[in-house]
Amino acid sequence: MEKAILLESVSKKYDVGSSSLEVIKDLTFDVNENEFVCIVGPSGCGKTTLLRIISGLEPPSSGRVLVFGRPPDPKRQRFGVIFQEDSLLPWRTVLGNVEFGLEIQDQKEAEREKIAKTFLELVGLQGFENYYPHQISGGMKKRVAIARALAIDPDLILMDEPFADLDAQTRSFMQRELLNIWSKLNKTVLFITHNVEEAVFLAQRVVVLTKRPSKVKQIINIDLPYPRARLSPPFISYRERILTAFHEELEVT
Ligand SMILES: Nc1ncnc2c1ncn2[C@@H]1O[C@H](COP(=O)(O)OP(=O)(O)OP(=O)(O)O)[C@@H](O)[C@H]1O
Ligand SMILES: [Mg+2]
């Protein structure tokens, strides 16, 4: 089967002024179609940069990147990206925000509204169509962002620490929601997180990155059925294993 994402010896350097910063070095891994993969790695190791490279917003300095067999091209392929920072348009309603991606796709207005409403319902926001971002909670904003990303029927969903700012309860609610959506829609998801427990709860495979310049430190298959019990011994043992790998990469300064 064709890989959803294929990264081969990907490197990325940034030149700032006269100095150059090597962010990613020789990174190789792949993601299968319909797979849910989490990436964990220390702050500043290059996770967001990697996501930008996979979504075609930025070229790698060297190496090969293929998404469904082609170099990523946001104009030809559909990526549902959920950014690290809040990315709702404040002057648009909840419905207007979800319709945004569909406008770019030139969908007709009536069709747009229908699709947007379907996805708002999927994330449990029916009744909030006419609210503005400042009138809804942080968790609801994330759900709008998820609805917007899904509404365009993406080939690939890329999520950059989407639940990082949420309180523990909302976060675990959103995690369960996301797994429901994923199992319903059969999409490929690449999900970045700092939170090892979140990775073990969500992913079929967890890719642990090293500190900068980042490469793959370890890939762990999480061989547990869904929904996962966070307090079960195998869950805890996966969590400990990944935490150990992760902590080795945290720089003490
Ligand atoms: N456009 C850019 N120009 C120069 N340097 C950049 C640019 N974008 C990112 N960097 C640098 O690349 C490194 C990795 O940044 P990146 O945002 O990918 O890290 P991250 O792993 O997502 O961190 P965090 O977990 O804190 O979100 C940082 O040192 C950052 O300063
Ligand atoms: Mg980041």
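**A walk from the ligand shell to the loops**

In this predicted model, the residues that form the shell around ligand 1 divide into 5 nonpolar, 7 polar and 1 charged. That shell holds 13 residues, and those that come nearest to ligand 1 are Tyr-14, Ser-43, Lys-47, Thr-48 and Thr-49. Seen by element, two or more residues of the shell are given by each of β1 (3-16), β2 (19-32) and α1 (47-54), and it is α1 that gives the most, with 3 residues.

The helix α1 therefore deserves a closer look, since it gives the most residues to the shell around ligand 1. Is α1 enclosed by the rest of the structure, or left open, and why? Of its 8 residues, 6 are buried, so α1 is largely enclosed by the rest of the structure; here a residue is taken as buried if 20 or more other C-beta atoms lie within 10 Å of its own. The buried residues of α1 are Lys-47, Leu-50, Leu-51, Arg-52, Ile-53 and Ile-54, and among them Lys-47 is also one of the residues that come nearest to ligand 1. After α1 comes Gly-56, which has a positive phi near 80 degrees.

A positive phi also appears in residues that are not glycine, and two of these lie in loops. Asn-34, a residue other than glycine, has a phi near 70 degrees, and it is found in the loop between β2 and β3 (36-40). Because Asn-34 has 15 C-beta neighbours inside 10 Å, it counts as partly exposed, a class that lies between the limits of 12 or fewer for exposed and 20 or more for buried. Further along the chain, Asp-153 has a positive phi of about 55 degrees although it is not a glycine, and its place is in the loop between α4 (138-151) and β6 (156-160). Asp-153 is likewise partly exposed, because 14 other C-beta atoms lie within 10 Å.

The last stop is a pair of cis peptide bonds, each of which leads into a proline. One joins Arg-212 and Pro-213, with omega at about -5 degrees, and Pro-213 is placed in the loop between β8 (205-209) and β9 (216-221). The other joins Tyr-226 and Pro-227, where omega is about -10 degrees, and Pro-227 has its place in the loop between β9 and α7 (233-248). The strand β9 thus borders both of these loops, with Pro-213 in the one that joins β8 to β9 and Pro-227 in the one that joins β9 to α7.

Methods: Residues numbered from 1 in each chain as written. Chains lettered and ligands numbered in written order. Predicted model: local features only at pLDDT ≥ 70, side-chain atom pairs only at ≥ 80, totals over all residues. Near = placed C-beta within 6 Å. Helix = DSSP H or I, 4+ residues; strand = E, 2+ residues; numbered from the N terminus. Nonpolar A, V, L, I, M, F, W, Y, C, P; charged D, E, K, R; others polar.
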